[in-house]
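Reader: Before I ask my questions, may I see the sequence and the model together?

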Amino acid sequence: HPLPCAYVNFGILDVATLARTLAALRRDPPRLVFHAPALPYNTRYTDAIMGWVRRHYDRIGAQGPLVIYRYRGDVVLP
């Protein structure tokens with residue numbers, strides 16, 4: 001698990017933790033990301049993470065409430 005917390009919606013509660021999370025994603029991006037956009041637990045921080053994911057991943061499908069993204073394999077991640 002490349003992120004500093006198991007559940008980003010409960011573990012990322014400030015800008016500093018968001019920055020560490022995005023840095024972890026840049027260092028060690030998971031091949032797949034699963035996101036449940038309809039959950040009421042999403043926050044501005046999960047929105048920021050998913051913005052990053054959408055810039056570096058392709059949406060490959062959905063299964064029930066989950067949207068699935070696959071890493072593109074960018075060499076340099078801004």
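Reader: Which residue of β3 does Gly61 stand opposite?
Author: This is a predicted model in which local features need pLDDT of at least 70 and side-chain atom pairs count only at pLDDT 80 or more, while totals for chains, interfaces and linings use all residues. Residues are numbered from 1 along each chain as its sequence is written, and side-chain values use heavy atoms, without hydrogens and water. Strands (E, at least two residues) and helices (H or I, at least four) are DSSP runs numbered from the N terminus. In β3, the residue opposite Gly61 is Ile68.

Reader: Which residue stands opposite Ile68, apart from Gly61?
Author: Strands β1 and β3 pair in the antiparallel sense over 4 bridges, where pairing needs at least two DSSP bridges between two strands. Opposite Ile68 of β3 stands Phe34.

Reader: Over how many bridges do β2 and β3 pair?
Author: One bridge joins Ala62 to Val67, its partner in β3. The hairpin of β2 and β3 has 2 residues between the strands, and Gly64 in this hairpin takes a positive phi near 60 degrees. The antiparallel pairing of β3 with β2 (residues 57-63) extends over a number of bridges equal to 6.

Reader: Which element gives the most residues to the largest nonpolar core?
Author: A nonpolar core is a set of buried Ala, Val, Leu, Ile, Met, Phe, Trp, Tyr and Cys residues joined through side-chain atoms within 4.5 Å. This core has 16 residues, of which Ile49, Val53, Tyr57 and Tyr69 touch the most other members. At least two residues come from each of α2 (15-27), α3 and β3 (66-71). With 5 residues, the element that gives the most is α3.

Reader: Which residues does Val53 touch, not counting those up to four places away in sequence?
Author: Val53 is among the core residues that touch the most other members. Contact here means heavy atoms within 4.5 Å. With residues up to four places away left out, Val53 touches Val33 and Tyr69.

Reader: How much space lies in the largest pocket?
Author: A pocket is an open set of points, on a 1 Å grid over the protein atoms alone, where a 1.4 Å probe fits and protein lies on both sides within 12 Å along at least five of seven lines; lining residues have an atom within 4 Å of a point. The volume is the space filled by probe spheres set on these points, which are joined across faces, edges and corners. For the largest pocket, this space is about 550 Å³.

Reader: How many charged residues are in the lining of the largest pocket?
Author: The lining has 21 residues, and the closest to the centre are Leu3, Ala6, Val8, Val33 and Phe34. Elements α1 (8-11), β1 (32-35) and α3 (44-56) each supply at least two residues of the lining. Asp, Glu, Lys and Arg count as charged, Ala, Val, Leu, Ile, Met, Phe, Trp, Tyr, Cys and Pro as nonpolar, and the others, Gly among them, as polar. The lining divides into 16 nonpolar and 5 polar residues, and the number of charged ones is none.

Reader: Is Val15 buried or exposed?
Author: Val15 has its place in helix α2, and its C-alpha atom is separated by 7.9 Å from that of Tyr45, 30 residues apart along the chain. Buried means under 20% relative accessible area, exposed over 50%, and partly exposed in between (1.4 Å probe, protein chains only). Because its relative accessible area is 57%, Val15 is exposed.

Reader: Why does Thr17 count as buried?
Author: Thr17 is also placed in helix α2. It touches Gly11 and Ile12, not counting residues up to four places away in sequence. Thr17 counts as buried because its relative accessibility is 11%.
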